[in-house]
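Please open the model in your viewer and keep the selection tool at hand. The tour moves from one selection to the next and says what is found at each stop.

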Amino acid sequence: MAEEKFVESLSDLTGKVAIVTGGAAGLGLQTTIYLSRLGCKVYVASRNRTKSLSGIASATSVLEGVPKAGPILFHQLDLASIRAAKKSAEEFLKLEERLDIVICNAGISMMSLAELSEDGYERLFATNHLGHFAFVTGLMGLVERTSKESGDARIVVTSSTGYRVSSGIDYKALTTAVPSDQSRPWHLPGAFKRYGDSKLANIWFTNELSRRLREKGVENVYCNSCQPGVAGATNLGRGGFGAVGGWYAEKIVEFLMRLGNTNEDSAKTQVFLAASSQVKEKDVSGQYWVPVWSWTNRFVKCQPEELTAIGKDSEGQKRLWEFSEEAIEKVGS
């Protein structure tokens, strides 16, 4: 699909406010650019201020000359820490009186079990799920108020077809370090499995959030997850090679990147879920969406895909929510 045609298919977001986690690099940066181009005020939520400001500067440069481009701002967020994620949400509530869109785009991979997060959880699960859970649930009051006033708010969570490798979440294993799990190639399958578990958690969280909102009568917050594609210039998987898989992991990721899609095309599915009027018109919530590619590996459209049995496991979704709430309670304020 041509760029102009895609952008023209989306709603005008002038006056709306969005947060994109990890929105200063890779497909997150492209997501930020799309939303700003539509007139949205976008907060890039990430841990590294210096790198984020650099990404924001590059986005601003790309958008130069776009008349209605919305402002792009940095917001501090460390997803590896539950306490920091909660604090980030609290700080954001002091900044804005509305929040129309939250895109949980940030993620890591290829981390070992040698060390746990500061809260005592496996680091992939801590960053990809628990941090986002603490951050988003801390913002939901504002999101719900915005949806009542405007009739439309969106939560989009970036997942992956990698969820299919998960056979379920082992909660005991999430809190157990394995010091010997280091940089050997035979540790790679475990790393991929843990990544799949975290991506399953993304889907379960999204669907359970949608269910809970509808159950209490909140009809205008549309919560969906998606597979973006294989972003050729993404930073996902880079930086953890010393932890597990070493040189082998790096070469595998480099190979996948060569087969990947552009960041522009990889961002389109989550941007569609955040900005298309069709989401509200067709009451799209609690769904998992995927891109459709042409034979030249370019974006054609996106559409819902039926989840596997484990993806649809309603009891698993409820258990994850309870476990996540308990994790936040243990950390305290």
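The second largest pocket holds about 160 Å³ of space, where a pocket is an open set of points on a 1 Å grid over the protein atoms alone, with room for a 1.4 Å probe and protein on both sides within 12 Å along at least five of seven lines. This is a predicted model, in which local features need pLDDT of at least 70 and side-chain atom pairs pLDDT 80 or more, while totals for chains, interfaces and linings use all residues. Residues are numbered from 1 along each chain as its sequence is written, and side-chain values use heavy atoms, without hydrogens or water.

Select the lining (residues with an atom within 4 Å of a point), which includes Leu-113, Glu-122, Asp-170, Lys-193, Arg-194 and Asp-197. By class, the lining has 4 nonpolar, 2 polar and 5 charged residues, with Gly counted as polar.

Next, select helix 2 (residues 26–37) and helix 8 (residues 263–275), whose axes come within 8 Å and cross at roughly 55 degrees. That angle makes helix 2 oblique to helix 8, since angles under 35 degrees count as roughly parallel, over 145 as roughly antiparallel, 65 to 115 as roughly perpendicular and the rest as oblique. Among the residues in contact (heavy atoms within 4.5 Å) are Tyr-34 of helix 2 and Lys-268 of helix 8.

Finally, select helix 5 (residues 123–150) and helix 10 (residues 314–331), whose axes come within 10 Å and cross at roughly 80 degrees; the two helices are therefore roughly perpendicular. Their contact includes Phe-133 of helix 5 and Trp-321 of helix 10, and its residues divide into 9 nonpolar, 3 polar and 1 charged.

Notes:
Grid points are joined across faces, edges and corners, and a volume is the space filled by probe spheres set on the points. Axes are lines fitted to C-alpha atoms, for helices over the stretch in contact, and angles run from 0 to 180 degrees between N-to-C directions. Helices (H or I, at least four residues) and strands (E, at least two) are DSSP runs, numbered from the N terminus.
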